[in-house]
Amino acid sequence: MISDPQLLVFTDFLETRPERFSREDLQDLDRTLARLQSNPPENVEEILRNWFKERLTIRDKLRKFDKDKTELGKVPPTEPIQPDRLENWFQELREQVKDKLNSKGKGEEGTGNRK
């Protein structure tokens, strides 16, 4: 189950702020999601949080994005992603990552950074 509020808004962040991610960030995220999708461990939130810890710029922008959305009241609180929905969430997020990778391959450049 994923209940971390920042992870719950991650798909919206990726969709609306793709410029925050470099091609390398997206490739690494795709590999991470592929491993998790095939056999999601109990500590999936920790693995994803660690991915963000290696990318401080992206993590900080995601935090601001989550805070701004909450403050503006645009979206009601997101329900946790239950274990029976987790596989679909991984699949949807991977498709979104692949779409962004394809876009970056066609000339878009990201500004995402590792530490």
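When I say that two residues meet, or are in contact, I mean that they have heavy atoms within 4.5 Å of each other. With that in hand, let me take you through this structure, which is a predicted model, so please keep that in mind throughout.

Let me begin with the chain as a whole, which has 6 helices and 0 strands, so that reading from the N terminus the elements run α-α-α-α-α-α. Of the 115 residues in the chain, 37% are buried. If we take the contacts between residues at least 6 apart in sequence, 83% of them join residues at least 24 apart.

Now to one pair of helices, H3 and H4. In H3, the residues Asp25, Asp28, Leu29, Thr32, Leu33 and Leu36 meet Val44, Ile47, Leu48 and Trp51 in H4. Sorted by character, the residues of this contact are 7 nonpolar, 1 polar and 2 charged. How do the two axes lie with respect to each other, and at roughly what angle do they cross? They come within 11 Å and cross at roughly 170°, and because an angle over 145 degrees counts as roughly antiparallel, H3 is roughly antiparallel to H4.

Next, please find helix H6, which covers residues 83-105 and therefore has 23 residues by the numbering used here. From its first C-alpha to its last, H6 reaches 33 Å, close to the 33 Å expected at 1.5 Å a residue. Its buried residues are Leu86, Trp89, Phe90, Leu93, Arg94, Gln96, Val97, Lys100, Leu101 and Lys104. And what do the buried residues of H6 pack against? They pack against helix H1 (5-8), helix H2 (10-16), helix H3 (23-38) and helix H4 (44-53).

That brings us to the nonpolar core. In soluble globular proteins, nonpolar side chains tend to be buried together. Here the largest nonpolar core has 26 residues, and those with the most contacts inside it are Ile2, Phe10, Phe21, Leu48, Trp89 and Val97. The elements that give two or more residues to this core are H1, H2, H3, H4, helix H5 (56-72) and H6, and the largest share, 6 residues, comes from H6.

I would also like to show you some charged residues that are buried, starting with aspartate 30, which is found in helix H3. Is aspartate 30 buried or exposed? Its relative accessibility is 13%, and because buried means under 20%, aspartate 30 counts as buried. Leaving aside its neighbours within four places in sequence, aspartate 30 is in contact with Arg94, Val97, Lys98 and Leu101. For one of these, valine 97, the separation from aspartate 30 is 67 residues in sequence, yet 6.4 Å in space, C-alpha to C-alpha.

We can look at that region from the other side by turning to arginine 94, which is found in helix H6 and is buried, with a relative accessible area of 18%. With its neighbours within four places in sequence again left out, arginine 94 is in contact with Asp30, Leu33, Ala34 and Gln37.

Finally, there is aspartate 66, whose place is in helix H5. With a relative accessible area of 14%, aspartate 66 is buried too, and, apart from neighbours within four places in sequence, aspartate 66 is in contact with Pro5, Gln6 and Val9.

Key: Residues are numbered from 1 along each chain as its sequence is written. This is a predicted model: local features need pLDDT of at least 70, side-chain atom pairs count only at pLDDT 80 or more; totals for chains, interfaces and linings use all residues. Side-chain values use heavy atoms; hydrogens and water are left out. Helices (H or I, at least four residues) and strands (E, at least two) are DSSP runs, numbered from the N terminus. The expected span of a helix is 1.5 Å times one less than its number of residues. Buried means under 20% relative accessible area, exposed over 50%, partly exposed in between (1.4 Å probe, protein chains only). Axes are lines fitted to C-alpha atoms, for helices over the stretch in contact, and angles run from 0 to 180 degrees between N-to-C directions. Angles under 35 degrees count as roughly parallel, over 145 as roughly antiparallel, 65 to 115 as roughly perpendicular and the rest as oblique. Ala, Val, Leu, Ile, Met, Phe, Trp, Tyr, Cys and Pro count as nonpolar, Asp, Glu, Lys and Arg as charged, and the others, Gly among them, as polar. A nonpolar core is a set of buried Ala, Val, Leu, Ile, Met, Phe, Trp, Tyr and Cys residues joined through side-chain atoms within 4.5 Å.
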